[in-house]
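Work through the exercises below with the sequence and the model open. Each task is followed by a solution in steps.

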Amino acid sequence: MEDSLIKKEAESKILYIRDKEVMVDVDLAELYNVSTGELNRRVKKNESRFPSEVYMFELTNEEKKDLISNYRHLEKLKFSPHNPKVFTEYGVIMMSTVLDSEIAIQVCHILVDTFIKFRRSQKTIDELRVEVAQLKMDLQDQYQQFAMHFQVIFRELKDLKQQNEDKNTINPIGFLPNSLKESEDQNI
């Protein structure tokens with residue numbers, strides 16, 4: 001497989017599971033041009049090279065279901081009785097030493113570059129999330145300030161309206177026909 005094709009394939013196959021960038025054994029085997037069974041046999045034969053989740057881990061049943069439902073190219077995993085293994089960047093590097101072939105070394109270089117690119121883009125996304133969250137907080141603060149200003153304006157308008165109504169209810173000066181009739185009734 002040509003380097004640019006490997007890069008393109010690798011970019012689409014790096015997943016984010018358990019807060020780690022990983023590649024599924026099926027995808028990794030395809031890129032290394034070996035069967036998934038062969039890849040997993042090599043891992044089992046060299047378990048000491050993959051001592052912890054820093055290198056590789058097996059997915060749980062729930063994670064496998066999520067993987068199958070979210071990634072169309074992995075639907076074939078639903079027929080496998082085993083849960084897939086996923087490899088971190090360190091596991092990918094270690095895998096190239098376990099496979100010990102010229103193709104594995106070339107693919108490893110491409111995959112490491114791809115992981116680095118993925119991590120940088122993830123960092124950019126995280127930075128954007130922080131900026132958006134800050135903007136959202138700033139907008140909420142501005143909204144609250146505007147709301148307070150509008151409350152003051154509405155209160156002032158209400159007070160002005162009340163003052164205007166109070167002016168209109170002042171007893172008029174002068175003669176009113178109804179007031180004459182009321183005073184006659186009182187005299188009788």
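**Exercise 1.** Is Phe150 buried, partly exposed or exposed?

Solution. The model is a predicted one. The relative accessible area of Phe150 is 46%. Buried requires under 20% and exposed over 50%, so Phe150 is partly exposed.

**Exercise 2.** Classify Phe154 in the same way, then describe how the rings of Phe150 and Phe154 are arranged.

Solution. Phe154 has a relative accessibility of 54% and therefore counts as exposed. Phe150 and Phe154 both belong to helix H6 (residues 102-168) and sit four residues apart, about one turn of the helix. Their ring centres are 6.2 Å apart, with 25 degrees between the planes. Planes under 30 degrees apart count as stacked, so this aromatic pair is stacked.

**Exercise 3.** How many aromatic pairs are there, and of which type is the pair Phe50 and Phe87?

Solution. The count is three aromatic pairs. For Phe50 and Phe87 the centres are 6.0 Å apart and the planes stand at 80 degrees, so the pair is edge-to-face. Phe50 is in the loop between helix H3 (36-45) and S3, Phe87 is in strand S4 (residues 85-87), and the two are 37 residues apart, so the pair links distant parts of the chain. Phe50 and Phe87 are both buried.

**Exercise 4.** Which residues of helix H4 (residues 61-70) are buried, and what do they pack against?

Solution. The buried residues are Glu63, Lys64, Leu67 and Ile68. They lie on the same side of H4, because they cover an arc of only 135 degrees around the axis. These buried residues pack against strands S1 (15-17), S2 (20-24) and S3 (56-58). The face of H4 turned away from the buried side carries the exposed residues Asn61, Lys65, Ser69 and Asn70.

Definitions and conventions:
Residues are numbered from 1 along each chain as its sequence is written. This is a predicted model: local features need pLDDT of at least 70, side-chain atom pairs count only at pLDDT 80 or more; totals for chains, interfaces and linings use all residues. Side-chain values use heavy atoms; hydrogens and water are left out. Buried means under 20% relative accessible area, exposed over 50%, partly exposed in between (1.4 Å probe, protein chains only). The arc is that of the directions from the helix axis to the C-beta atoms. Contact means heavy atoms within 4.5 Å. Rings of Phe, Tyr and Trp (its six-membered ring) pair if their centres lie within 6.5 Å; planes under 30 degrees apart count as stacked, over 60 as edge-to-face and the rest as tilted.
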